[in-house]
Each structure stands twice: as C-alpha cells, then as structure tokens.
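I am opening a fresh page for a structure I have not looked at before. Come along while I look things up one by one.

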Amino acid sequence: MRRELLVVMMALIVVGCGSTPVVTPVVTPMASLPGPAGSSSLAPSRSLPPSASPGASPSPSPAVVAPLPACADGDVLTRFHDPSDWARSILDTTFRLDKGYVPPDLVSVSNAGFSDAARVRSLVIADLSAMYQAAKRAGVTFGIGSAYRSYATQVKIFETLRQQHDLTFALKSAARPGHSEHQLGTAIDVSGDTAWLTKHAWEFGWVNSYPTKWSPSTTCYKPEAWHFRYVGRAVAAEWHASGVSLREWLWDTRP
C-alpha cells in the first residue's frame, strides 16, 4: 500500500516538473488587486503630469533683483574686488576697494599714442588707442589728465579738497579713498573736447560714468563729462542699449 502511494506521488511530481506547460495568463483588473492602501500591492493608476521632453530643462524662475541702493556714505567692500573683476566692480559712495588693491599690469598711456604720463592697465591700451585715432580722424583731440590713482594718492586729493574748502565740498567733488574708479586702473579723466567722446566712446568700450542725465541721482556723484571707465566693447554695447547709468546697469546685471 505504501509502495503504491509512493508511485502515485512520484507520478504527480513528474507531471509538475516536466516541460513548461502552456499557461494562459489571467489579467486581473487593477482595481481588484488585493492589499490595503499603502501595501506593496500595485495601487490603482493615477493621473500624472506629462513627462518632459528628453533634454529639456525646466524654465528657471525669474531672478528677483533688489532695488538699486540709495546713495549713502558707507564703507562696504565691493562684492567684485579682484583685479580680474575690473569690468563689474561697483564703486560709489558706499562700495569700495581695499587700500591694498593695485592692478598688476599698469603701463603708460604713451602705448596708446598719448604724450601724457598717466598709467592704465595694459588691457585697455588697444581700445584706448583705437578711440584716440578715431577721434583724430573726426578732427577731435583730447589728452589724459589723470588715470590710475593709488589709494594713497586719493587720500591726498580728498584731504586737499577738505582742507581748502570743507568736508561737504570734498564729498561732492571727489570720491573718498577706496571708492574711486581710478583705483581700478581702467578709468581716465580726459582733457579737451568731450562731446565726441560722450557720443562715441562706448563704441570702443568706454563709458561716461557720471553723465549729467543721471548725476548725482543714480551715480552718487556730480556730473563729470570728462570721466570715462573702460568696461570692454561687449559690455559697453549692452550698457548703451539699456538706457540707464553704468552704476545701475552693473547693479542690475550682477551675477
């Protein structure tokens, strides 16, 4: 009896473990699958947002730009204060450079065709020369009365004005030490005809920092038709199209 039972069991095992049987799958509706919500069972399908196209990136949220600070006497190290930041350093009555800031590549403006003794950074020479030659072809001549000024030089200039007049006059007439664009080595004060430069300097990468239109309301200094700062041709073209002062443009476009 036991032997017959063993034979029957072996037969059943052979049937179950033999060649793979053809099985017709039974599709169970998703909603009828067992398992409580939150278990490992598949949950009913839900509506999902469409997938992004391959390679597409989400649109960034528009950057919120803080308003241009009001002109106020302060002593804050400007955010971009490395010599490599010459085109985007904001210098005004609040923001300054360190007293030890000295551009590494100062050369004489004679390299651009001038007979003046002033110095500028070598990176401005090509466009300074191009502007000078273009002005000459237009019948305009100008010289350079001042260019790079060290922190110590600005101390002397400011103190002289303060002693000859008073502090109020000095603050209106000159930048405090550290706050002058001249310390960058990329600013010049020209002597002679400035009308042509006011109209065309930007074409050569130079910008009038303190034009009458925005001074002192957004530039923080009195108008100076003779003061030009080099920012490069690409930046100058963008600034020219913006219709705002250089200080405001630098603030609005800072990274």
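Below are my notes, from the whole protein down to one pair of residues.

**Entry 1: what I am looking at.** I remind myself that this is a predicted model. I counted the secondary structure and found seven helices and eight strands.

**Entry 2: inside and outside.** I looked up how much of the protein is buried, and 37% of its 255 residues count as such. The exposed surface comes to about 15500 Å². I also noted that carbon and sulfur atoms supply 60% of that area.

**Entry 3: contacts along the chain.** I took the contacts with a separation of 6 or more and found that 62% of them come from residues 24 or more positions apart.

**Entry 4: a sheet.** In what order do the four strands of the open sheet lie? I read 5-6-8-7, with antiparallel pairing. I then asked myself why one side of strand 5 and of strand 7 is left without a neighbour in the sheet. Strand 5 (142-146) and strand 7 (206-210) stand at the edges and have a single partner strand each, so one side of each stays free of a neighbour there. From one strand to the next, I noted an average twist of 45 degrees.

**Entry 5: one strand pair.** I picked strand 6 (residues 187-192) and strand 8 (residues 224-230), which run antiparallel and are joined by three bridges. Following isoleucine 188 across, I arrived at its bridge partner in strand 8, phenylalanine 228.

**Entry 6: a helix across the sheet.** Which strands does helix 2 lie across? I found that helix 2 (residues 125-137) lies across strand 5, strand 6, strand 7 and strand 8. Its direction is at about 140 degrees to strand 5.

Definitions and conventions: Residues are numbered from 1 along each chain as its sequence is written. This is a predicted model: local features need pLDDT of at least 70, side-chain atom pairs count only at pLDDT 80 or more; totals for chains, interfaces and linings use all residues. Side-chain values use heavy atoms; hydrogens and water are left out. Two strands pair if DSSP finds at least two bridges between them. Helices (H or I, at least four residues) and strands (E, at least two) are DSSP runs, numbered from the N terminus. Axes are lines fitted to C-alpha atoms, for helices over the stretch in contact, and angles run from 0 to 180 degrees between N-to-C directions. Contact means heavy atoms within 4.5 Å. Buried means under 20% relative accessible area, exposed over 50%, partly exposed in between (1.4 Å probe, protein chains only). Accessible areas come from the Shrake-Rupley method with a 1.4 Å probe; for residues, only the protein chains shown count as cover.
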